[in-house]
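Q: I am new to this structure and would like a close look at a single part: the place where the two domains of the second chain meet. Please describe that part first, then set out the ligand site and the other interfaces beside it.

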Amino acid sequence: MRKDISRSIGKVDNREKSSGSAEYINDRSWEGEVHYALTLRSSIVKGKIINITFPSAREDVHIVDYRDVPGKNFVSILEDDWPVFAEDRVSYLGEPILLLCGPDRTVLEEYRSRIVVDYEEESPFLTLQDAVEKSDPIVSYTIDTGDYAGASEKAARTVKETFETGRQEQVYIEPQGVVAEYTEEGVVLTGSFQCPYYVKNAVINTLGWSGEKVRVIQAVTGGAFGGKEEFPSLISCQVAVASVKLKKTIKLIYNRHEDMEVTTKRHPSLISYEAALDGDNRILGVKMDVKLDGGATTGLSAVVLQRAMIASCGVYHFPAVLATGGVYLTNTVPSGAFRGFGAPQTFFAIEMFMNHLAAKVGEDPVAFKTKHLAKKGDATSTGGIYRDDILMAQMIEEVKKMSGYAEKYRLYSEKGNPRGIGMSLFLHGCGFTGSGEADHIKAKVYLERDEEGRVHILVSNVDMGQGFKTTMMKVVAHSLDIPLDQVVFNNPDTKYVPDSGPTVASRSTMIVGRLLVEACEKLQKETGPARVEANYSQPDYIKWDQDKMKGDAYPAFSWGVNVVEVEVDRDTWETTLLGAWSVHDVGKAIDDRIIRGQVDGGFLQGIGYGLWEKMELKEGRVQQATVTDYIIATASDFVTVENKLIDNPYALGPFGAKGAGELTLIGGAPAVAAAVEQALGAEVYRIPLVPEYLMELKKNG
Amino acid sequence: MVNAYPRTLKDALTLRAEGRRPMGGGTDLMVRFRSAAGVLPRFQQSLVFLRGVDELKNLEERGDLIAIGAGVTLRELCESPLIPVVFKNIMGQMASFAIRSEATLAGNIGNASPAADSLPFLICRNASLVLTGQRGDRTVSVADFITGPGKTLLADDELIREILLPREEFTLSFHKKVGGRRSDAISKLSFLGEARREGNNLFDLRIAFGSVAPRIIRSEEGEALAREVFSRGGNTKDIEGFYEKLITPIDDQRSTAEYRKTVSLNLLRRFMEKLREQ
Ligand SMILES: Cc1cc2nc3c(=O)[nH]c(=O)nc-3n(C[C@H](O)[C@H](O)[C@H](O)COP(=O)(O)OP(=O)(O)OC[C@H]3O[C@@H](n4cnc5c(N)ncnc54)[C@H](O)[C@@H]3O)c2cc1C
């Protein structure tokens with residue numbers, strides 16, 4: 001019998017990462033002369049560019065702007081509204097206007113400081129509230145499942161609450177960076193990427209070139225969290241244009257401050273919930289509304305909104321759901337992809353709402369939640385079906401045992417006790433929403449056996465520290481029953497790898513891993529050197545109507561339970577973590593320790609989102625634009641997480657695996673917020689729960 | 001820009017007199033003058049790097065004083081048996097291990113930030129500085145040395161040579177740094193209260209607030225009032241009322257004025273409660 005695949009092995013990149021030999025994009029050296037690029041940015045929030053006055057021209061400073069774009073001057077995402085370079089107007093502070101390129105960065109900096117841009121300023125929308133009052137959403141959806149009107153008519157009571165969440169910054173290890181090399185065959189882009197083919201397609205669009213002439217290579221990537229999903233396409237288009245114009249290698253590296261000021265953030269949200277309850281305090285239906293702040297461009301906001309709305313029911317089954325949502329544009333830094341993709345906002349709201357409802361009807365929150373849990377065979381929020389076993393009841397029992405939840409909850413309920421304990425229940429749909437995998441991504445993988453019998457994994461998904469290489473190499477080694485060192489997985493290079501889709505949406509292990517298992521089956525039928533491919537096909541039972549938001553939004557769901565225990569200091573209103581516990585169902589861990597890494601990091605990032613990570617804009621400018629002022633936790637702020645994995649193999653995942661990348665973040669904020677509520681003895685409707693806010697809450701009752 | 005790496009104090013002073021700015025660990029300077037990625041910091045002045053000057057690395061008892069050379073790092077102080085525990089705890093909460101391994105106490109003073117975490121302690125303990133220049137040495141108290149945010153009495157040809165810390169005993173030292181997180185955080189505010197109480201006799205009481213005014217707040221009048229309130233078992237509200245006027249914080253990206261003020265006063269109250277309970 002083969003050994004259990006979940007047994008941890010050392011990550012294949014451990015040595016290069018821990019010894020410091022891994023070369024991130026800024027560590028690499030390049031052949032020939034390198035020109036650096038610096039970005040001239042809008043210094044106003046919104047308006048027309050009237051005139052740009054440059055210092056006298058210099059041979060070692062080259063200007064690259066929208067007029068140099070041979071193809072289309074926008075980043076190809078969903079809508080064509082994100083300019084590669086601003087033309088005659090700017091719509092947020094820090095919007096890129098042009099690049100200065102040259103061999104000496106000090107010269108470029110000095111030159112940039114003397115450029116004068118004249119604007120005609122216009123009055124902007126600085127907040128979501130502002131945009132909601134004065135504009136229409138740029139996209140909106142409705143989910144209408146069951147009969148909410150009927151439910152609310154029958155209801156014994158209805159309860160309504162509103163929630164608010166802020167921005168979050170990814171703080172990946174190395175800031176954004178990309179290098180474009182100009183070669184005879186075309187342009188080669190190397191950078192810190194999550195989605196090499198997104199970059200390739202964007203550059204093709206902007207250069208107006210054919211695909212063969214654009215090659216994209218992923219450099220070692222130290223974390224991304226969604227921040228390297230769509231943003232790298234923008235800067236890659238910029239350096240590609242510069243490289244083609246100047247016929248030079250162009251290197252663009254952000255420093256941390258610039259990165260924090262101008263790259264995409266998690267969407268701020270306003271979420272309202274209304275529940276219709278019957279005489280026995282059972283929820284007959286919910287009505288919810290999500291408003292997202294898209295920042296200055298549409299970007300991926302529409303898809304983020306879909307996720308936020310599909311999560312409307314949390315882990316519960318409500319007979320009727322009426323969810324509406326819209327994305328509003330404001331003149332602020334673009335919002336974009338971030339681990340969880342709309343779900344963390346909604347899960348904060350639904351979990352707090354359920355706690356508050358329980359309190360209103362005088363029930364224990366966990367008991368109240370448990371009686372509403374979705375079960376196998378129930379309809380999802382979009383009228384699809386939960387087809388697989390749901391083990392939440394068992395997982396709740398497990399986490400209660402691990403954390404001593406019941407005892408502590410009782411103790412901390414005493415008035416004036418500075419401690420609190422909170423539980424959150426959550427899920428995450430794995431893979432692209434709806435038929436995205438089949439209609440848009442159409443993933444393809446290659447597997448190749450070479451002369452020496454080594455097997456090469458050829459996919460476009462990346463390891464960005466999450467352990468994807470190790471995970472896929474294990475999947476292939478186990479499937480073919482060969483030693484791990486016979487498997488090769490190099491960083492993706494679009495010259496060699498097919499488009500197996502982006503490294504996002506908790507899809508890579510489940511979807512791409514599964515395709516590799518299929519490819520292994522094919523390869524086993526071949527002898528000697530051979531290349532096989534596998535292509536994604538959607539299970540027949542998945543039906544999705546995008547316009548109506550109806551049907552099976554995801555082929556599978558991963559599930560989780562978090563418990564957080566805190567103490568709130570009554571003099572300083574600081575929250576100290578005392579304990580953190582979690583139980584997850586990710587199908588089957590391909591590697592226990594790698595999942596453990598996702599749990600530790602995701603949980604902390606989720607708690608940080610709920611507790612510390614405040615990012616405010618003042619007159620359109622990010623106030624916390626350094627790691628000094630933006631409070632991501634350090635090791636000394638966290639506690640050791642006690643985590644348990646429950647096996648619940650998914651038939652279509654490799655070895656039963658489902659997604660795990662985003663799931664682990666989602667429960668952090670609602671769990672810590674529930675704990676803080678108990679410690680504080682006051683209800684919470686907004687995150688992050690920074691001490692300043694807790695003080696205000698307590699003071700104003 | 002040519003930077004200089006002297007090995008002796010004499011050379012350091014010569015270079016200093018040429019108009020170079022002293023650099024200790026550089027953990028303030030390098031950050032303050034940072035530039036675009038891959039571009040060297042843009043210092044406005046040339047530097048004299050003090051790390052190589054062994055004469056500045058002294059750390060010893062000298063009569064009633066502890067003398068701390070300007071080249072001694074925070075980490076070395078945290079690890080030294082000569083340094084009072086309360087001060088070690090304060091420094092242990094500054095920056096992070098890596099930064100503390102480079103940063104000097106002299107640099108923290110020289111930076112003269114209202115948020116510098118060593119200052120409430122040094123000022124509470126009446127620490128002084130030996131400043132040395134080509135014309136010789138002079139001694140100034142830390143309280144006088146810092147005249148405002150980023151402003152000091154340091155003359156253009158002078159260096160901080162050492163910090164002199166009186167050796168004193170207190171029965172209660174209550175310190176609290178309030179930052180956004182436990183390491184690598186700049187203080188939103190900080191509080192230090194120290195007292196020597198034996199039975200019902202209160203021999204000494206000192207109070208300092210950091211980060212809530214242009215300078216560290218320490219007031220003899222306030223401390224006298226606190227002693228008096230303590231002796232008659234009075235209400236701490238009076239003391240809070242007194243300090244409330246001195247605490248003039250700002251709103252910034254790290255916190256709000258209201259929070260800083262309220263929490264400072266809460267900590268003062270907590271200190272007085274602790275003193276009573278002692
Ligand atoms: C990540 C990070 C976290 C930090 N956290 C904290 C914190 O929690 N609390 C805190 O208080 N500070 C903090 N700091 C600031 C800094 O580390 C401290 O102020 C440190 O003590 C400065 O010492 P240094 O030797 O590095 O100073 P330098 O940067 O070398 O110098 C600072 C100033 O002092 C002057 N100076 C240095 N030596 C002398 C001398 N011998 N004579 C005269 N002038 C001199 C310099 O000219 C300069 O003006 C942090 C900094 C960083 C980068």
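A: In this predicted model, 22 residues of domain 1 of chain B are in contact with 21 residues of domain 2 of chain B. The domain assignment places domain 1 at residues 54-166 and domain 2 at residues 172-277. Taken over C-alpha atoms, the centres of these two domains of chain B are 22 Å apart.

The area buried between domain 1 and domain 2 of chain B comes to about 1800 Å², and carbon and sulfur atoms account for 54% of it. On the domain 1 side, the residues that lose the most area to domain 2 of chain B are B:Q93, B:P120 and B:C124, which together make up 31% of what that side buries.

Polar and charged pairs can be listed next. The rule finds 2 salt bridges across the interface of domain 1 and domain 2 of chain B. B:D117 and B:K177 form a salt bridge, with 2.8 Å between their closest N and O atoms. Going by the domain bounds, residue 117 falls within 54-166 and residue 177 within 172-277. Between domain 1 and domain 2 of chain B there are also 12 residue pairs in polar contact, with both residues at pLDDT 80 or more.

Which elements supply the domain 1 side? On the side of domain 1 of chain B that touches domain 2 of chain B, at least two residues each come from α4 (85-92), α7 (119-124) and β7 (146-148) of chain B. Of these, α7(B) gives the most, with 5 residues. Sorted by class, the residues of this side of domain 1 of chain B are 15 nonpolar, 5 polar and 2 charged.

The ligand comes next. It is surrounded by 31 residues, and the closest are B:P22, B:G25, B:T27, B:D28 and B:T104. For B:T27, an N or O atom of the side chain lies 2.6 Å from an oxygen atom of the ligand. B:N108 places a polar side-chain atom 2.8 Å from a ligand oxygen atom. At B:I160, the partner is a polar backbone atom, 2.8 Å from a nitrogen atom of the ligand. By the domain bounds, residues 108 and 160 of chain B both fall within domain 1 (54-166).

Chain A can be described in the same terms. Its domain assignment gives domain 1 (33-122 + 176-253), domain 2 (269-378 + 386-433 + 549-700) and domain 3 (436-535). The centres of domain 2 and domain 3 of chain A, taken over C-alpha atoms, are separated by 33 Å. Here 25 residues of domain 2 of chain A are in contact with 21 residues of domain 3 of chain A. About 1600 Å² is buried between domain 2 and domain 3 of chain A, with 67% from carbon and sulfur atoms. In domain 2 of chain A, the residues losing the most area to domain 3 of chain A are A:F432, A:I590 and A:P654, together 36% of what that side buries.

Between domain 2 and domain 3 of chain A the count is 1 salt bridge. A:K474 and A:D591 meet through their side chains in a salt bridge of 2.8 Å, N to O. For domain 2 and domain 3 of chain A, 6 residue pairs are in polar contact, both residues being at pLDDT 80 or more. On the side of domain 2 of chain A that touches domain 3 of chain A, the elements giving two or more residues are β16 (419-430) and α16 (592-611) of chain A. The largest share of that side, 3 residues, comes from β16(A). By class, this side of domain 2 of chain A has 13 nonpolar, 8 polar and 4 charged residues.

The last interface is between the chains. In it, 33 residues of chain A are in contact with 28 residues of chain B. Chain A and chain B bury about 2600 Å² between them, with 46% of this area on carbon and sulfur atoms. There are 7 salt bridges between chain A and chain B. The side chains of B:R254 and A:D629 meet in a salt bridge at 2.4 Å, N to O. Across the interface of chain A and chain B, 20 residue pairs are in polar contact, with both residues at pLDDT 80 or more. On the side of chain A that touches chain B, α2 (105-113) and α19 (691-699) of chain A are the elements that give two or more residues. That side of chain A has 11 nonpolar, 11 polar and 11 charged residues.

How values were computed: Residues are numbered from 1 along each chain as its sequence is written. Chains are lettered from A and ligands numbered from 1 in the order in which they are written. This is a predicted model: local features need pLDDT of at least 70, side-chain atom pairs count only at pLDDT 80 or more; totals for chains, interfaces and linings use all residues. Side-chain values use heavy atoms; hydrogens and water are left out. Domain bounds come from an automatic or database domain assignment. Contact means heavy atoms within 4.5 Å. Buried area is the accessible area (1.4 Å probe) that two parts lose on being put together, summed over both. A salt bridge is a side-chain nitrogen of Lys or Arg within 4 Å of a carboxyl oxygen of Asp or Glu. A polar contact is a pair of N or O atoms within 3.5 Å; within protein, one must be able to donate a hydrogen and the other to accept it, and residues adjacent in sequence count only if both atoms are side-chain atoms. Helices (H or I, at least four residues) and strands (E, at least two) are DSSP runs, numbered from the N terminus. Ala, Val, Leu, Ile, Met, Phe, Trp, Tyr, Cys and Pro count as nonpolar, Asp, Glu, Lys and Arg as charged, and the others, Gly among them, as polar. A residue is near a molecule or strand if one of its heavy atoms lies within 4 Å of it.
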